[in-house]
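Q: Got a minute to go through this one with me? I'd like to start with the sheet and then wander.

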Amino acid sequence: MLETVKYLIGSTGASGFGSKSTAEQVTETCPDLRFVTAIITGATSGIGAETARVLAKRGARLVLPARNLKAAEEGKARIVSEFPDAKIVVMALDLSSLSSVRKFVSEFQSLSLPLNLLINNAGKFAHEHGISEDGIEMTFATNYLGHFLLTKLLLNKMIKTAKESGVQGRIVNVSSSIHGWLSGDVIRHLGQISRSKSPYDATRAYALSKLANVLHTKELAQRLKQVDANVTVNCVHPGIVRTRLTREREGLITDLVFFLASKLLKTIPQAAATTCFVATHPRLVNVSGKYFADCNEARTSKLGSNSNEAARLWTASEIMVSIDPKAVFDPRNGFDYDHM
Ligand SMILES: NC(=O)c1ccc[n+]([C@@H]2O[C@H](COP(=O)([O-])OP(=O)(O)OC[C@H]3O[C@@H](n4cnc5c(N)ncnc54)[C@H](OP(=O)(O)O)[C@@H]3O)[C@@H](O)[C@H]2O)c1
């Protein structure tokens, strides 16, 4: 109750920011980002577009991977018209396809750019059950597994950049408070949403992908620490905001839900604030494996803080992105999740 009141009045937390802080406000005192190269996924609209705009305003060079290149070029043009010195590269990437992720990384590597910041923001809320070309449930494939592989393939570059520049690298995973909807066994949930025979629960599938973002953050932070990498990883809940995320569910009911929840909604500049805070704020040096909401550290769900589940999901993800997925993939039944 008290938390809701604090949220509604925008009361600030230990960071000095709160639910009503905007991305511009939280980056006002951030260091000069002119020497920072950032990859931001999902910057063609919503929270990602505002994140890109504000980081460009602060001087960062941006690489914007997108499946819709026309929308990404239009987004780039909007930013450049506001900040003519902005350096922005648009590249092709469909996160639901593991081969597209590999192609993007190989093309990015060929640019010989450094990489200080990776913002895994892209996301979808699918209405219908779908399976990716790699045999993975579509929401999970897009929101989590594509980002898992992207991060894995870019990690050495980030570690090398941090070593050479002396500036700590940061990874930000955009999750959601909806991750707390699920309890129990994460791989069992994955098996359930993957089977096309059982009725598809779109909200559960979305919640699972966002839980996976949280568990990914936890396990990756641990692994980065073990190898003494000067790179941190944290995840965020941006808050609730009306964007194109609900595009497959547009209609009277969605309008009504947003109308009833209107007092709880953020604006897009407010929703991009936590990502920008975690990506740039000096007080978060050496902070890793944490979850943030309204620009302050917050608690994940019980399952979201379970190290065993984080490790299991990591192992399963390694198998799913492995060079020969067919080894464990049965085209008729999907992955054998029961034995992961
Ligand atoms: N809005 C909220 O209330 C809310 C709440 C909690 C968490 N979040 C999270 O915030 C993040 C941003 O969402 P948003 O609200 O800003 O939604 P949005 O406006 O729909 O933006 C989503 C972005 O992801 C991109 N994307 C989707 N599928 C992709 C794919 N297969 N490959 C590459 N890019 C893909 C979209 O690109 P296209 O232009 O190609 O579609 C778009 O740029 C998501 O991770 C979402 O889960 C949002």
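A: Sure. One ground rule before the strands: two of them count as paired if DSSP finds at least two bridges between them. And keep in mind that this is a predicted model.

Q: Fine. How many strands form the sheet, and in what order?
A: Eight, in an open sheet that goes β3-β2-β1-β4-β5-β6-β7-β8, with mixed pairing.

Q: Which are the edge strands?
A: β3 and β8 (296-298), each of which pairs on one side only.

Q: By how many degrees are neighbouring strands turned against each other?
A: On average 25 degrees, ignoring direction.

Q: Let's take the β3 end. How many bridges join β2 to β3?
A: Five, and the two strands, residues 61-66 and 88-92, run parallel. For a landmark, Leu-64 sits opposite Val-90 of β3.

Q: What does the chain go through to get from β2 to β3, and is that crossover right-handed or left-handed?
A: It passes through helix α4 (residues 69-82), making a right-handed β-α-β crossover.

Q: Where does α4 lie, and at what angle to β3?
A: α4 lies across β2 and β3, and its direction is about 175 degrees to that of β3.

Q: Moving along the sheet, how many bridges join β4 to β5?
A: Four, with β4 (residues 117-120) and β5 (residues 169-174) running parallel. Leu-118 faces Ile-171 of β5 there.

Q: And β5 with β6: parallel or antiparallel?
A: Parallel, over six bridges. Arg-170 stands opposite Thr-232 in β6.

Q: What about the β6 and β7 pair, how many bridges?
A: Three, again in the parallel sense. Look for Cys-235 across from Tyr-291 of β7.

Q: Is β6 mostly covered or mostly open?
A: Mostly covered, since a residue counts as buried when 20 or more other C-beta atoms lie within 10 Å of its own, and seven of the seven residues in β6 are buried.

Q: Which residues sit on each face of β6?
A: Val-231, Val-233, Cys-235 and His-237 are on one side, Thr-232, Asn-234 and Val-236 on the other, and both faces are covered.

Q: Changing topic: how many residues surround the ligand, and which are closest?
A: 29 residues surround the ligand, and Gly-42, Gly-46, Ala-122, Gly-123 and Thr-243 are the closest.

Q: How does that shell split by class?
A: It has 11 nonpolar, 14 polar and four charged residues.

Q: Which helices supply at least two residues of it?
A: α3 (46-57) and α6 (138-165). α3 gives the most, with three residues.

Q: Last topic, backbone oddities. What's the phi of Asp-228?
A: Asp-228 has a positive phi, about 60 degrees, though it isn't a glycine. For background, most residues other than glycine have a negative phi.

Q: Where does Asp-228 lie, and is this residue buried or exposed?
A: Asp-228 lies in the loop between α8 (202-226) and β6 (231-237). The cut-off for exposed is 12 or fewer other C-beta atoms within 10 Å; Asp-228 has 7, so Asp-228 is exposed.

Q: And the phi of Asn-286?
A: Also positive, about 70 degrees, and Asn-286 is not a glycine either. Asn-286 is in the loop between α11 (273-280) and β7 (291-293).

Q: Why is Asn-286 counted as exposed?
A: Because Asn-286 has 7 other C-beta atoms within 10 Å, and 12 or fewer is the limit for exposed.

Technical notes
Residues are numbered from 1 along each chain as its sequence is written. This is a predicted model: local features need pLDDT of at least 70, side-chain atom pairs count only at pLDDT 80 or more; totals for chains, interfaces and linings use all residues. A residue is near a molecule or strand if its C-beta atom, placed from the backbone, lies within 6 Å of it. Ala, Val, Leu, Ile, Met, Phe, Trp, Tyr, Cys and Pro count as nonpolar, Asp, Glu, Lys and Arg as charged, and the others, Gly among them, as polar. A crossover is right-handed if, with the strands pointing away from the viewer, the path from the first strand over the helix to the second runs clockwise. Axes are lines fitted to C-alpha atoms, for helices over the stretch in contact, and angles run from 0 to 180 degrees between N-to-C directions. Two residues are in contact if their C-beta atoms, placed from the backbone, lie within 7 Å.
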